[in-house]
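Work through these exercises with the model open beside you. Each task is followed by a solution in steps.

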Amino acid sequence: MKRRLFIQSALGALIAPAAGPLFAKTVTSEAIQLPPRSEIVSRFGFVTDIHYCVAPVRRIPSEDSIRVYRDSLAKLRQATDLFNVSDLDFAIELGDFKDCNDDGDREGTLRYLQTVEAAFGRFNGPRYHVCGNHDFDKISYQDFLSTVVNHGPANGKSYYSFISGGVKYIVLDACYNNARGEHYSCGNLNWKVAVIPDAERAWLSKELSSGKEPVIVFTHQLLDYWDVNPNLPDDFIIRDAKSVVEMLEKSGRVLAVISGHYHRGYYSARNGIHYIVNQGMVERPLPRNVLGIVSVDKNQNVYVEGIYNERSHVCRRA
């Protein structure tokens, strides 16, 4: 199937919130024209890289990163307040939901996870999680899965699919140390090694061959392995991304891959699939915040409304 890709990108400019709910929608430098609600088949909100914990500000010059952990919970509450009045089908967080203290223990880290899960639970619709590398600092794989809540049959799973509004959504988990399926757990991880193991890729192949719905894929780590832009270090790419991307392209069904992990954000496209990497919520203090709302229309165009300082995209399919 021949596809024509069209991308508009704009950096959202922050407006000071008025009295009432603590949020405000972006005004973008290029206005995004959404189709009428009757033309939209699926609509969801996303956040990523919240990194909630109580820790000092951390600066990482090599990533141009200033992580202000203390503000993450208030930022997430801004997001859920907005999502609750935005007529969404679901909300999803794209990994690194919590963080930990360097000298922290399992019990304290679990409390961080419980606290941020309670804040995300303010959203009054179905919600989903993507596994991120920091989600397993100080706690086990089972600790994480038994604390967070995914909607319906996805609960208790780290990779899964669901259908909403005639779109199939596939959540992948690349938080594995190797193709044999050794999952990150209790700090037994090297964040620079992210793998989608053999069993998960076999599952993905079946998901892509089942049904005829258009597909959007969620990951934490990135699949943009072909991109030679030096601003996107190899450390952020899933090790077996090439074989996964080949599967997505072969299916002819995938509209977009939506990710986090690389806090500066990124965009690329290949063979009709848009790869949208969103900025980290933990970066910089309030009032800066980053989140978004995605709409898919009847013609399988994907509209990403950047909220506050997040970028916006219109990804057209013809």
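**Exercise 1. The open sheet**

Task: In this predicted model, give the strand order of the six-stranded open sheet and find which strands stand at the edges.

Solution:
- Step 1. Read off the order: the six strands run S7-S8-S9-S10-S12-S11. The sheet is open, and its pairing is mixed.
- Step 2. Look at the edges. Strand S7 (160-164) and strand S11 (266-270) each have a single partner strand, so one side of each is left without a neighbour in the sheet.
- Step 3. Add the twist. From one strand to the next, it averages 15 degrees.

**Exercise 2. One pair of strands**

Task: In which sense do S10 and S12 pair, and over how many bridges?

Solution:
- Step 1. Locate the strands: S10 covers residues 254-259, and S12 covers residues 273-277.
- Step 2. Assign the sense. The two pair in the parallel sense, over four bridges.
- Step 3. Pick out one bridge. Val257 has Tyr275 in S12 as its bridge partner.

**Exercise 3. A helix across the sheet**

Task: Which strands does helix H4 lie across, and at what angle does H4 run to S8?

Solution:
- Step 1. Find H4 at residues 198-209.
- Step 2. List the strands under it: S7, S8 (167-171), S9 (215-218) and S10.
- Step 3. Compare directions. H4 runs at about 175 degrees to S8.

**Exercise 4. Asp240**

Task: Is Asp240 buried or exposed? Name its contacts beyond the neighbours within four places in sequence.

Solution:
- Step 1. Place the residue. Asp240 is in the loop between S9 and helix H5 (241-251).
- Step 2. Apply the cut-off. Buried means under 20% relative accessible area. Asp240 has 13% relative accessibility, so it counts as buried.
- Step 3. Name the contacts. With those sequence neighbours set aside, Asp240 touches Ala194, Val195, Ile196, Pro197 and Arg201.

**Exercise 5. Empty space**

Task: Describe the largest pocket and the second largest cavity.

Solution:
- Step 1. Take the largest pocket. Its space comes to about 510 Å³. It is lined by 25 residues; closest to its centre are Arg58, Arg67, Tyr69, Asp99 and His134.
- Step 2. Sort that lining by class: ten nonpolar, six polar and nine charged residues.
- Step 3. Turn to the cavities. The structure has two of 30 Å³ or more. The second largest holds about 30 Å³.
- Step 4. Inspect the lining of this second largest cavity. Among its residues are His129, Cys131, Phe144, Lys157 and Tyr160. By class, the lining has five nonpolar, three polar and one charged.

Technical notes: Residues are numbered from 1 along each chain as its sequence is written. This is a predicted model: local features need pLDDT of at least 70, side-chain atom pairs count only at pLDDT 80 or more; totals for chains, interfaces and linings use all residues. Side-chain values use heavy atoms; hydrogens and water are left out. On a 1 Å grid over the protein atoms alone, a cavity is a set of points where a 1.4 Å probe fits but cannot get out, and a pocket is an open set with protein on both sides within 12 Å along at least five of seven lines; lining residues have an atom within 4 Å of a point. Grid points are joined across faces, edges and corners, and a volume is the space filled by probe spheres set on the points. Ala, Val, Leu, Ile, Met, Phe, Trp, Tyr, Cys and Pro count as nonpolar, Asp, Glu, Lys and Arg as charged, and the others, Gly among them, as polar. Two strands pair if DSSP finds at least two bridges between them. Axes are lines fitted to C-alpha atoms, for helices over the stretch in contact, and angles run from 0 to 180 degrees between N-to-C directions. Contact means heavy atoms within 4.5 Å. Buried means under 20% relative accessible area, exposed over 50%, partly exposed in between (1.4 Å probe, protein chains only).
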